[in-house]
Amino acid sequence: VTQPDNLLEAIRRGEPRALARAITRIENRDDSAEALLRQLFPYSGRATLLGLTGAPGAGKSTLADSLAALLRSRGQSVGIVAVDPTSPFSGGAILGDRIRMQRHHADDGVFIRSMATRGALGGLATAAADVALLLDAAGKDTVLVETVGVGQDEVDIVRLADVTVVMLVPGMGDDVQTIKAGIMEIADVFAINKADRSGADRVEQELRAMLSIGHRPDGWSVPIVKTVATDGTGVPELLDAALSYIAFLRDRGLLASKKAVNWRQRLLDLLRERLLMRAVNATGEDRLADLAGRVARREMDPYSAVDAIMQAQL
Ligand SMILES: Nc1nc2c(ncn2[C@@H]2O[C@H](COP(=O)(O)OP(=O)(O)OP(=O)(O)O)[C@@H](O)[C@H]2O)c(=O)[nH]1
Ligand SMILES: [Mg+2]
């Protein structure tokens with residue numbers, strides 16, 4: 001059995017097996033994960049965190065792979081976390097993982113992990129953020145977080161990123177109008193992937209029309225980059241656009257405040273998770289089931305049941 005300190009050192013050296021072990025603990029939300037992350041925190045904060053979101057099948061994994069290859073060619077190490085909250089079995093993410101594993105196989109400079117499991121009480125966003133922190137502390141220069149852009153979970157997940165790329169594709173029914181407003185708003189850069197297909201120009205026109213309406217509070221004008229993730233076309237331009245957003249924030253002294261806003265959200269996420277776990281542990285599964293049964297039989301109202309749980313916590 002690896003002692004915690006040895007594990008810590010192995011993580012700091014970026015050893016894939018140590019990282020995998022730590023991620024399993026993070027996914028299980030066990031106490032040892034928290035102890036580990038506490039010790040790793042001082043070593044984090046160096047990586048560039050890049051969020052990548054878009055519709056299922058938009059080419060996120062392919063693009064992440066392409067970005068990883070580009071970053072490697074620039075001498076950088078890369079961590080990729082692919083989060084798929086929509087599917088508990090995550091066939092897509094895991095298959096994509098396997099394909100990419102072949103390409104970056106035997107390259108310790110790239111670490112890839114997909115996450116789909118949601119702990120009983122813990123949020124996937126919290127777990128994904130912890131994995132990003134782990135990879136950061138393990139010395140990865142860039143950490144890519146890939147997530148399917150469909151709902152609030154994804155918005156929460158990309159909130160940890162310094163820069164967020166939203167991917168659109170021509171056709172596929174995800175016209176600009178039909179993309180969830182919340183997802184559009186988090187884009188610092190748009191990538192129109194599968195630009196080898198017809199319709200990319202139309203998507204670009206629609207995007208430009210949409211972007212011309214509103215102005216961002218930080219004054220950034222959101223770039224649109226066309227990419228073909230399968231052959232790498234436009235990928236250097238996309239990376240440059242993403243990095244120039246970070247430079248833009250840094251030049252204006254806005255990067256620290258953006259990170260503080262992100263951390264505020266993460267603190268609330270952690271607090272929610274911890275309070276929930278404490279309350280549930282203090283109550284116990286039996287009592288929880290008993291209270292639920294009483295509410296179901298309408299012997300008790302749900303608000304009083306929650307009050308009872310809250311009291312058990314104190
Ligand atoms: N023609 C074309 N196909 C692409 C391009 N990028 C990705 N693909 C293909 O699109 C399919 C889906 O790509 P993925 O990278 O798995 O997409 P994803 O967004 O990660 O998918 P999920 O994780 O399942 O949501 C694959 O067959 C890719 O080869 C592109 O630029 N052009
Ligand atoms: Mg994928």
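**Exercise 1. Strand pairing**

Task: In this predicted model, find how β2 and strand β3 (residues 110-115) pair, and over how many bridges. Then look for a second partner, β4.

Solution.
- Step 1. Set β2 beside β3. The two strands pair in the parallel sense, and six bridges link them.
- Step 2. Pick one bridge as a check. V78 has V110 as its bridge partner in β3.
- Step 3. Turn to β4. Here β2 also pairs in the parallel sense, over six bridges.
- Step 4. Check a residue again. T147 in β4 stands opposite V83.

**Exercise 2. The surroundings of β2**

Task: Decide whether the residues of strand β2 (residues 78-83) are buried or exposed. Then sort them by the way they point.

Solution.
- Step 1. Apply the cut-off: buried means under 20% relative accessible area.
- Step 2. Count. Six of the six residues of β2 are buried, so the strand is largely enclosed by the rest of the structure.
- Step 3. Sort. V78, I80 and A82 point one way from β2. G79, V81 and V83 point the other way.
- Step 4. Combine. The residues on both sides are buried.

**Exercise 3. The magnesium ion**

Task: Name the residues that coordinate the magnesium ion (ligand 2). Where in the structure do S61 and E146 lie?

Solution.
- Step 1. List the donors. S61 (OG) and E146 (OE) coordinate the ion, at 2.1 to 2.3 Å.
- Step 2. Place them. S61 belongs to helix α4 and E146 to strand β4, so the pair ties together parts that are 85 residues apart in sequence.
- Step 3. Test each for burial. S61 has 16% relative accessibility, so this residue counts as buried. E146 has 7%, so this residue counts as buried too.

**Exercise 4. The shell around ligand 1**

Task: Describe the residues around ligand 1. Which polar atoms of T62 and N193 lie close by, and at what distances?

Solution.
- Step 1. Start with the nearest. Ligand 1 has 16 residues around it, and G59, K60, S61, T62 and D196 come nearest.
- Step 2. Sort the shell by type. There are six nonpolar, six polar and four charged residues.
- Step 3. Read the side-chain contacts. A polar side-chain atom of T62 lies 2.4 Å from an oxygen atom of ligand 1. For N193, a polar side-chain atom lies 3.1 Å from a nitrogen atom of the ligand.
- Step 4. Add a backbone contact. A backbone N or O atom of A58 is 3.1 Å from an oxygen atom of ligand 1.
- Step 5. Look at cover. On its own, ligand 1 has 650 Å² of accessible area, and the protein covers 72% of this.
- Step 6. Name the elements. α4 (60-73) and β4 (142-148) each give two or more residues to the shell. α4 gives the most, with three residues.

**Exercise 5. Two residues compared**

Task: Decide whether A47 is buried or exposed. Do the same for V261: buried or exposed? Then give a C-alpha separation for A47 and for V261.

Solution.
- Step 1. Locate A47. This residue sits in the loop between α3 (31-40) and β1 (48-54).
- Step 2. Classify A47. Its relative accessibility is 5%, so A47 counts as buried.
- Step 3. Give its separation. The C-alpha atoms of A47 and D136 are 5.2 Å apart, though their positions lie 89 residues apart along the chain.
- Step 4. Locate V261. Helix α11 (residues 255-283) holds this residue.
- Step 5. Classify V261. Exposed means over 50%. V261 has 56% relative accessibility, so this residue counts as exposed.
- Step 6. Give its separation. V261 and L160 are 101 residues apart along the chain, and their C-alpha atoms are separated by 9.5 Å.

Definitions and conventions: Residues are numbered from 1 along each chain as its sequence is written. Chains are lettered from A and ligands numbered from 1 in the order in which they are written. This is a predicted model: local features need pLDDT of at least 70, side-chain atom pairs count only at pLDDT 80 or more; totals for chains, interfaces and linings use all residues. Side-chain values use heavy atoms; hydrogens and water are left out. A residue is near a molecule or strand if one of its heavy atoms lies within 4 Å of it. A polar contact is a pair of N or O atoms within 3.5 Å; within protein, one must be able to donate a hydrogen and the other to accept it, and residues adjacent in sequence count only if both atoms are side-chain atoms. Accessible areas come from the Shrake-Rupley method with a 1.4 Å probe; for residues, only the protein chains shown count as cover. Helices (H or I, at least four residues) and strands (E, at least two) are DSSP runs, numbered from the N terminus. Ala, Val, Leu, Ile, Met, Phe, Trp, Tyr, Cys and Pro count as nonpolar, Asp, Glu, Lys and Arg as charged, and the others, Gly among them, as polar. Buried means under 20% relative accessible area, exposed over 50%, partly exposed in between (1.4 Å probe, protein chains only). Two strands pair if DSSP finds at least two bridges between them. Donors are N, O and S atoms within 2.8 Å of the metal (3.2 Å for Na, K and Ca); water is not among the atoms, so sites may look incomplete.
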